[in-house]
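Me: Can you walk me through this structure? I'll fire off short questions as I look.

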Amino acid sequence: MTDTAPDLDRLRGATPPRNHDARTIAALTSNPGCARRGVMDAAGVDKDAVARALGFPAPFGQSQFAITRGNAFEAQVKADGCAELLTLLRDRLGLDVPEVAYDDLEVVAGNEGRELRHSRTRRLLARALESGEGTLFDHPLLRLEIAGCPAYLEPDVIAFQLAGRLHVIEIKSFAVVDGQAEPEQVAAAARQSAVYVLALRRLVAELGHDPARVSHDVFLVCPENFSNRPTATPLDVRPQLAVLERQLARLTRVDALLAELPADLSFEIGGTLAASVRAVEARYSPECLSGCEMALFCRDEARACGATGALGRSVRDDLGGVDTVGTALALADGSLEPSDDLAETAEQLRAAARLRAEALGGALGGALGGAA
Amino acid sequence: MSALSSLARLQAVAAGAAQPLATVRHCHIPDAPLVLVPLKLAGEAAAPLAVMAGSAPDDATLLVVPQPRNRDLRFAFAADLAELVLNHIETSRGEVEELPPGKEGEKRIRYGDAPQLLVPNRGGVAFLRLMGRSTRFRSTDGPYAVDPAVPVLGRWLTWFADRHDHPGSSLLLAMTEALRLHWATGQSSLEDGNLAALMGWIDPPDGMDGPAAAARAEDPVLCPPAGPTTDPTFDNEVLAPAIAAYDRAGRGSRAEERLRSVLAGQLAPTWDLMWRAVGLLRALPEGASVPRRWERDRDAFTHYHQTFGEAYPQARRDPPVRAARRLHDLERAQDAYDAQRAFDDPLVMAEHRLDGRAFGGTVTECDPARLDETGKRPKLRPLLRVGTEDPVRLDAGTTVCNAARPALKGRIVEIGDGSVLLELTGGMGRKLTPEPGAVPRVGDRVCFTSLTEGSFGAAKFPDREDTPWTHGGPPGEYAPTDEDAAEEWS
């Protein structure tokens, strides 16, 4: 990490680094091939500020109603040393939770650095693993190596020790109605929890313990039906863990990406910002819109150069990897001779164009003729 | 998504305007559908905030919950909405048709018409579903009594949401889905979820092209979201202060009037879009099997309406046998719907031609009088050779039918060199010479396909009391409890 760290600091300019949060992690797992996001996240760039400075502010506003509701629910579950949470774990899930201790690892006073907070998390968890002391650890600050750089994660979760094993407890304010919740929200929660499980496992391994002491079963705590009453659901995140581990291993190392970039590149807000951002290649897909602050800028860029990826992955797949709209249309109308590897795609596109023209000509011939 | 619709998207990008994906309308649009544009409070599962509803563009009713966290106001809203929706249901029955009696001689009827609900997007459908779930178990007496119309509304909304899952049903339509069935835009399907952007591509305002109209549609100030989720900035800067002012001033105050007017401001643009979209869909000629599918919808409506009084609210989760039967019904409906759309619409059939499950072209050779005399009795078996450029992926021996007249059936004899040789087997009359006009002639354009409408037979399922032990055995009888009625709705 030491040889890329100075470069990363320069990239960020004068602003302090941002910790990874739920959104960057979601982006990380949904679009691992994007160099632009990779470099900016590794450097801890404030992408929201960058996107705003570029004239493409991210549409990720949060309604105060949603925030109030989320906070109220979390506060309710954690009130009185997590009394309601413990009732849930004991009664609903039938867990044998003996005596209870609650440690909040969030710093209340002062501007303690994240290194210090992380070492506090380490210290407390080390003691817990040695002695079995402590039950609930709120707001741990975790560290995960991403593309060769340490990234700090500030999960809004509780690490829960039970019978020598650690579980992740995630509190979410989306409702579980009759045992069912919105699949996208559950999937997002599972992806996030998997990241935390992985980071906890790495920490446990660093402390000289068996990483399997962090369970792959996480507990999702959500409001039940239309009430504020919490319900807890165990969620097996093994599939998400496997995906995440594979993607992290495959991620292009950030130092390899940096080596390709001009030495004086900086994402400091200013006149050359757009050019700097464009210097790092993006891989835009519409899914970015739900996770990445840079998405609207990248979409504009992708549309301007006629990238088929801007229409969605399925369109891109249907086109057999033809990258631009212009090329695909030229292959379809026969004005472009395909290279050998595109011969099959071109044949299909030409057939599609012929069939569309035939069907539309037959049915709308009169209308089209009239318009012309 | 297929290569054909992907190509349509590319063409839309190049043209700056949406491109047709259908040449006929594949859904039913009655004269007076009930358009519903719901809004909910952010962060809550199904806390209604407002709804704009009505059956004509100039007849919008606005219902508002001035303090969405107040349970009594929510139920008052539910009662008002119930009056509106139930009135629509009762006035959309039409004349009663007498049908021939059933197998056991029972009397069968069918309503001449059925109600239709139109919401802007899938979120609207999900909202109605949850709204139905949160109201259908309510009790009309006891300590948590609600207006008698509330649980009735809940059951009807649940039924509509359930029918929405049914492929080809037009009882509850999400406008974005209905439009996407007929047009391809130059943006991704994710972005098509925004009704204003989608309409921007299909029917942009004067002086704008598709991309410009879609870009405008993404600005929540110019085009408020079509719900049910509101724009967060609107929530923070307009709605929250307006609700707080109402809390201070109370019912009937000017603050309530103001709250209604800001919510109307959020809903009205979507209301107008909905009716413009209805107009666009109405302008398309109706597909040939749309009336048949609407008849199935009318059957379902008649049945539910007739048995409403004897039935309990729909279960929270289907018992195993009902779940299996429902899944089977959905699969059959999907299969029939896919085939019907292809037979109705050459542009949909083109997708199957590209897949190789159908082929079209010109008849190059024809022997209409050929007889097969190998059996005991001679059979009429005309031969037909169709020249085609399509990538046919059917095997010799496959049974196919004529897309224009599915009764005309044939068997593929050989495929090769840009042509398909067919032996016609049925649909030409009962004599040894074909009925006039039944067999295509040399030079005719034809299309044959292996698609069939009823390939999926009905399966048998055990009765409820015979649910096998593998599926938990017979489920217990439902009995309404006080707990249902007391369920919080906060």
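Me: What share of the 372 residues of chain A counts as buried?
Reply: 38% of them. Buried means 20 or more other C-beta atoms, placed from the backbone, within 10 Å of the residue's own.

Me: Good. Anything to know about the model?
Reply: It is predicted, so local features need pLDDT of at least 70 and side-chain atom pairs pLDDT 80 or more, while totals for chains, interfaces and linings use all residues. Residues are numbered from 1 along each chain as its sequence is written, and chains are lettered from A and ligands numbered from 1 in the order written.

Me: How many helices and strands does chain A have?
Reply: 14 helices and eight strands. These are DSSP runs, numbered from the N terminus: helices are H or I with at least four residues, strands E with at least two.

Me: New topic. How many residues does each chain give to the contact?
Reply: Chain A gives 42 and chain B gives 45. Two residues are in contact if their C-beta atoms, placed from the backbone, lie within 7 Å.

Me: Which element has the largest share on the side of chain A?
Reply: H14(A), with 13 residues.

Me: Now chain B. How do H7(B) and H8(B) cross?
Reply: The axes of H7 (residues 195-202) and H8 (residues 210-217) of chain B come within 7 Å and cross at roughly 165°. Axes are lines fitted to C-alpha atoms over the stretch in contact, and angles run from 0 to 180 degrees between N-to-C directions.

Me: What does that make H7(B) and H8(B)?
Reply: Roughly antiparallel to each other, a label for angles over 145 degrees.

Conventions: Buried ≥ 20, exposed ≤ 12 C-beta atoms within 10 Å, placed from the backbone. Parallel < 35°, antiparallel > 145°, perpendicular 65-115°, else oblique.
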